[in-house]
Amino acid sequence: MARITAGVATSHVPAIGAAIDLGKTAEPYWAPVLAGYAASRAWERAAKPDVVVLVFNDHATSLMLEVVPTFAIGCADRYKPADEGWGARPVPVVEGHPELAAHIAESLIIDEFDMTILNDMDVDHGLTVPLSLLFGEVDAWPVRVVPLMVNVTQYPPPSGDRCWRLGEALARAVASFPEDLNVQVWGTGGMSHQLQGPRAGLINSAFDRDFLDKLTADPEALRRITRLDYLREAGSEGIELIMWLIMRGALGRDVIERHRFYHVPASNTAVGHLVLEPA
Ligand code: DHB
Ligand code: FE
């Protein structure tokens, strides 16, 4: 049977992708950011997942505002890095797992999560920067990926609690896939940030650190954070953190925290990162 062996949470700051692609990771601004992922990369090499269910958001790159699904799942064979305005990132094409994706889609829909099916899409920094952070510069990504997309760009996003319950349903879906697969679930985006308006540049480190603490030890408390709480405390783009709750909901009640990293600033936000394993 397929089994979920770990969860990863990480920011997806696009400037980190640019720093990697332009060979700037040794610069004083970026070196500490990349150093913060060294232990997780070593852990990831040993963990050898077959598939990552990568919970992410598109930033009006692949899906423009004509159609905005609340929850969508990628069922394609492969996903090309998207052109976000300055050319596609020079990173490998992302290989999908259409059989597992189709199974998860069916199981989630029977479980009353009405997923949109994505059979063709390019993937932006929301998906490729986490891969770069955890796997580094490679000729081919060492995993297959099932992209699970969440709307956090167009009002109204789903609630954090709904995301948590989607994570629980995702765990049931993976556990009922007959092939023996080592599956990780990643929740990406965040942490507190706001990119526009009078509060542009907002970073709330106290909120971020409390979120990291609770994601490991008291995740039930995070289910109660409302959209307005995120907006007030974590800025307009802090809502990306609801994607971490899908990952956490999939892991079950007790977890072991393997790695943690928190660093301010990187571009307009804080970089937050956790590696969790089911206890
Ligand atoms: C930044 C962060 C994001 O999550 C994003 O999607 C775009 C930009 C930033 O910090 O600049
Ligand atoms: Fe983002």
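Guide: Welcome! A polar contact is a pair of N or O atoms within 3.5 Å. Keep that cut-off in mind as we look around this predicted model.

Visitor: What makes E240 a polar contact of ligand 1?

Guide: A polar side-chain atom of E240 lies 3.2 Å from an oxygen atom of ligand 1. That value is within 3.5 Å, so the pair counts as a polar contact.

Visitor: How do you know that H125 and N268 make polar contacts with ligand 1?

Guide: The same test applies to each. A side-chain N or O atom of H125 is 2.8 Å from an oxygen atom of the ligand, and for N268 the value is also 2.8 Å. Both pairs are within the 3.5 Å limit, and therefore both are polar contacts. On its own, ligand 1 has 290 Å² of accessible area, and the protein covers 92% of it.

Visitor: Which residues surround ligand 1, and what makes them its neighbours?

Guide: They are H12, P14, H59, H125, H193, L195, E240, S267, N268 and T269. Each has a heavy atom within 4 Å of the ligand, so each counts as near. By class, this shell has two nonpolar, seven polar and one charged residues. Glu belongs to the charged class, so E240 is the charged one here.

Visitor: Why is ligand 1 said to sit in the largest pocket?

Guide: A molecule sits in a pocket if more than half of its atoms lie within 2 Å of the pocket's grid points. Ligand 1 sits in the largest pocket, which means that it passes this test. The pocket has a volume of about 580 Å³ and a lining of 28 residues, with V152, T153, S236, E237 and I239 nearest its centre. Helix α9 (residues 227-234) gives the most to that lining, with three residues.

Visitor: Why is the space lined by D58 and L63 called a cavity?

Guide: In a cavity a 1.4 Å probe fits but cannot get out, whereas a pocket is open. A search of the whole structure finds one cavity of 30 Å³ or more, and about 100 Å³ of space lies in the largest cavity. Its lining has 14 residues, and V68, M149 and T153 join D58 and L63 nearest the centre. By class there are ten nonpolar, three polar and one charged; Asp counts as charged, so D58 fills that last place.

Terms used
Residues are numbered from 1 along each chain as its sequence is written. Chains are lettered from A and ligands numbered from 1 in the order in which they are written. This is a predicted model: local features need pLDDT of at least 70, side-chain atom pairs count only at pLDDT 80 or more; totals for chains, interfaces and linings use all residues. Side-chain values use heavy atoms; hydrogens and water are left out. On a 1 Å grid over the protein atoms alone, a cavity is a set of points where a 1.4 Å probe fits but cannot get out, and a pocket is an open set with protein on both sides within 12 Å along at least five of seven lines; lining residues have an atom within 4 Å of a point. Grid points are joined across faces, edges and corners, and a volume is the space filled by probe spheres set on the points. A polar contact is a pair of N or O atoms within 3.5 Å; within protein, one must be able to donate a hydrogen and the other to accept it, and residues adjacent in sequence count only if both atoms are side-chain atoms. Accessible areas come from the Shrake-Rupley method with a 1.4 Å probe; for residues, only the protein chains shown count as cover. Helices (H or I, at least four residues) and strands (E, at least two) are DSSP runs, numbered from the N terminus.
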